[in-house]
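I opened my notebook for this one and went through the fold step by step. Here is what I looked up, in the order I looked.

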Amino acid sequence: MSRDAKPVEIVMIEDDEGHARLIEKNIRRAGVGNDIRSFRDGTTALAHLFGPEGRGRSGRSFLVLLDLNLPDMTGIDILEKIKADEHTRRAPVIVLTTTDDTREIQRCYDLGANVYITKPLNYESFANAIRQLGLFLAVMQIPEVD
């Protein structure tokens, strides 16, 4: 009996409502139709990603759009938690932030971020990254853990 892959949910962690709307609009303009769950702080985003037990749940596929500057914790903290859990470490993480400090960019890549994009977003480069992401999401299948 074959199992269908679960659709990939986009989890956006962005405290600036204007940026969140712009990012979602650009994702839709790029033709990506996946569900987008938006969170304005790290605490509620982590609760969504890890559930009440505080660890990743198997059988879920998601991609994270992550701002580094959040009101309650840093995006670096969230990135570390995602990449440290066996059920979430393979999830792609795209960092979207105003910081262009080369040490912070390198730290994000060292921790496992897939892409680092500096805001304000250049629409063309963002749309291109999202289109590639759409192709990636269309073929991405994360095996379920029994």
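Which residue just after α4 takes a positive phi? I found that G112 does, with a phi of about 115°. Before going further I noted that this is a predicted model.

**Entry: the ends of α4.** After that glycine I turned to the start of the helix, which spans residues 102-111. There, a side-chain oxygen of D101 comes to within 2.7 Å of the backbone nitrogen of R103.

**Entry: the overall layout.** I then stepped back to the whole chain. I counted five helices and five strands in its secondary structure. Read from the N terminus, the elements follow the pattern β-α-β-α-β-α-β-α-β-α. The chain has 146 residues, and 44% of them are buried.

**Entry: the sheet.** In what order do the five strands lie in the sheet? I read it as β2-β1-β3-β4-β5, an open sheet with parallel pairing. The edges are held by β2 (36-39) and β5 (115-118); each has a single partner strand, so one side of each has no neighbour in the sheet. I also checked the twist: neighbouring strands are turned by 20° against each other on average, direction ignored.

**Entry: β3 and its partners.** I spent some time on β3, residues 62-66. On one side, five bridges tie β3 to β1 (residues 9-13), and the two strands run parallel. Two of the pairs I wrote down are M12 with L65 and I13 with L66. On to β4 (residues 93-97): three bridges join this strand to β3, again in parallel. L65 turns up here too, standing opposite I94 in β4.

**Entry: is β3 buried or exposed?** Five of its five residues are buried, so β3 is largely enclosed by the rest of the structure. I sorted the side chains by direction as well. F62, V64 and L66 point one way, while L63 and L65 point the other way, and all are buried. That is the pattern I had in mind, since in a regular strand the side chains alternate between the two faces of the sheet.

**Entry: just before β3.** S61 sits in the loop between α2 (42-50) and β3. I put S61 down as buried because its relative accessibility is 8%, and the cut-off is under 20%. I also looked at its distance to E9: the two are 52 residues apart in sequence, yet their C-alpha atoms are 6.3 Å apart in space.

**Entry: from β3 over α3 to β4.** I followed the chain onward from β3. Together with α3 (residues 75-84) and β4, β3 makes a β-α-β unit, and its hand is right-handed. In the loop between α3 and β4 I stopped at T88. With a relative accessibility of 1%, T88 counts as buried. A polar atom of the T88 side chain lies 2.6 Å from the backbone oxygen of I82.

**Entry: the α3 and α4 pair.** How do α3 and α4 pack? I noted an angle of about 15° and axes 10 Å apart. The two helices are therefore roughly parallel to each other, as angles under 35 degrees count that way. Last, I checked the hand of their crossing, and it is left-handed.

Methods. Residues numbered from 1 in each chain as written. Predicted model: local features only at pLDDT ≥ 70, side-chain atom pairs only at ≥ 80, totals over all residues. Heavy atoms only, no water. Polar contact = N/O pair within 3.5 Å; in protein donor to acceptor, adjacent residues only side chain to side chain. Helix = DSSP H or I, 4+ residues; strand = E, 2+ residues; numbered from the N terminus. Pairing = 2+ DSSP bridges. Axes fitted to C-alpha atoms, helices over the stretch in contact; angles between N-to-C directions. Buried < 20%, exposed > 50% of the residue type's maximum accessible area, 1.4 Å probe, protein only. Right-handed = clockwise from strand over helix to strand, strands pointing away. Parallel < 35°, antiparallel > 145°, perpendicular 65-115°, else oblique. Left-handed = near helix turned anticlockwise from the far one by under 90°.
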